[in-house]
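Visitor: I should like a close look at a single part of this protein, with its surroundings described in order. Please choose the part yourself and explain how it relates to the rest of the chain.

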Amino acid sequence: MLMLWRGCLGGLFLLSAVSGIGGENLAREASIRASSSSIGHAASAASDGSRTTSWEAAGRGGTDEWLELSWNQPIRLRELVVRRGETD
């Protein structure tokens, strides 16, 4: 399981969890859930591989928002990339 806290960053987020073998984006294979989501920015959008979709917590400015990714099997990550998404 991997948990990310929104902290005081705010904004929209996109994720890539890159494996060491072949560089595939393992975030697409994860089950994903979040503390909340705003309309049109579901948690699943954070890891769908598209740069035109993203996750956004329902309450802007909150610091207790989180995003959780989990896999059925252990994984090995080479890098985790968190990008800020575009605003609507």
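Guide: The account below concerns strand S4 and the residues around it, beginning with the whole protein and ending at the surface.

The model is a predicted one. The protein has 88 residues, of which 40% count as buried. It contains zero helices and five strands, and along the sequence these elements follow the pattern β-β-β-β-β. Among contacts with a separation of 6 or more, 67% are between residues 24 or more positions apart. About 5500 Å² of the protein is exposed, and carbon and sulfur atoms supply 50% of that area.

Within this setting, strand S4 covers residues 66-70. The strand is mostly covered, since four of its five residues are buried. Two of its residues may be taken in turn. Trp66 lies in S4, and its relative accessible area of 18% falls under the 20% limit, so Trp66 counts as buried. Glu68 has a relative accessible area of 10% and is therefore buried as well.

The next point is the partner of S4. Strands S3 and S4 pair in the antiparallel sense, over four bridges. One position in this pairing can be named: the bridge partner of Ala34 in S4 is Leu67. The C-alpha atoms of Trp66 and Arg33 lie 8.5 Å apart in space, although 33 residues separate the two in sequence.

A side-chain link also joins the two strands. Side chains of opposite charge can pair when their charged atoms come close. Here, Arg33 and Glu68 form a salt bridge through their side chains, with an N to O distance of 2.8 Å. Arg33 belongs to strand S3 (residues 31-34) and Glu68 to strand S4, so the salt bridge ties together parts that are 35 residues apart in sequence. The two partners differ in their cover: Arg33 is partly exposed, with a relative accessible area of 46%, whereas Glu68 is buried at 10%. The count of salt bridges comes to one.

The loop between S3 and S4 deserves attention next. Ser36 is placed in this loop, and a polar contact of 2.9 Å joins its side chain to that of Glu65. Leaving aside residues up to four places away in sequence, Ser36 touches Trp55, Glu56, Ala57, Ala58, Gly59 and Glu65. Ser44 is also located in the loop between S3 and S4. With a relative accessible area of 44%, Ser44 lies between the limits of 20% and 50% and so counts as partly exposed. The C-alpha atoms of Ser44 and Ser31 are separated by 8.2 Å, the residues being 13 apart along the chain.

Beyond S4, the chain passes through a further loop to strand S5 (77-84), and Ile75 lies in that loop. Ile75 has 34% relative accessibility and therefore counts as partly exposed. Together with Leu77, Leu80 and Val82, Ile75 makes a nonpolar surface patch of about 280 Å².

In summary, S4 is a mostly covered strand that pairs with S3 in the antiparallel sense, and a salt bridge between Arg33 and Glu68 links the side chains of the two strands.

How values were computed
Residues are numbered from 1 along each chain as its sequence is written. This is a predicted model: local features need pLDDT of at least 70, side-chain atom pairs count only at pLDDT 80 or more; totals for chains, interfaces and linings use all residues. Side-chain values use heavy atoms; hydrogens and water are left out. Patches are made of residues with over 30% relative accessible area and no salt bridge: like charges are joined within 9 Å, nonpolar side chains (Val, Leu, Ile, Met, Phe, Trp, Tyr) within 5 Å. Accessible areas come from the Shrake-Rupley method with a 1.4 Å probe; for residues, only the protein chains shown count as cover. A salt bridge is a side-chain nitrogen of Lys or Arg within 4 Å of a carboxyl oxygen of Asp or Glu. Buried means under 20% relative accessible area, exposed over 50%, partly exposed in between (1.4 Å probe, protein chains only). Two strands pair if DSSP finds at least two bridges between them. Contact means heavy atoms within 4.5 Å. A polar contact is a pair of N or O atoms within 3.5 Å; within protein, one must be able to donate a hydrogen and the other to accept it, and residues adjacent in sequence count only if both atoms are side-chain atoms.
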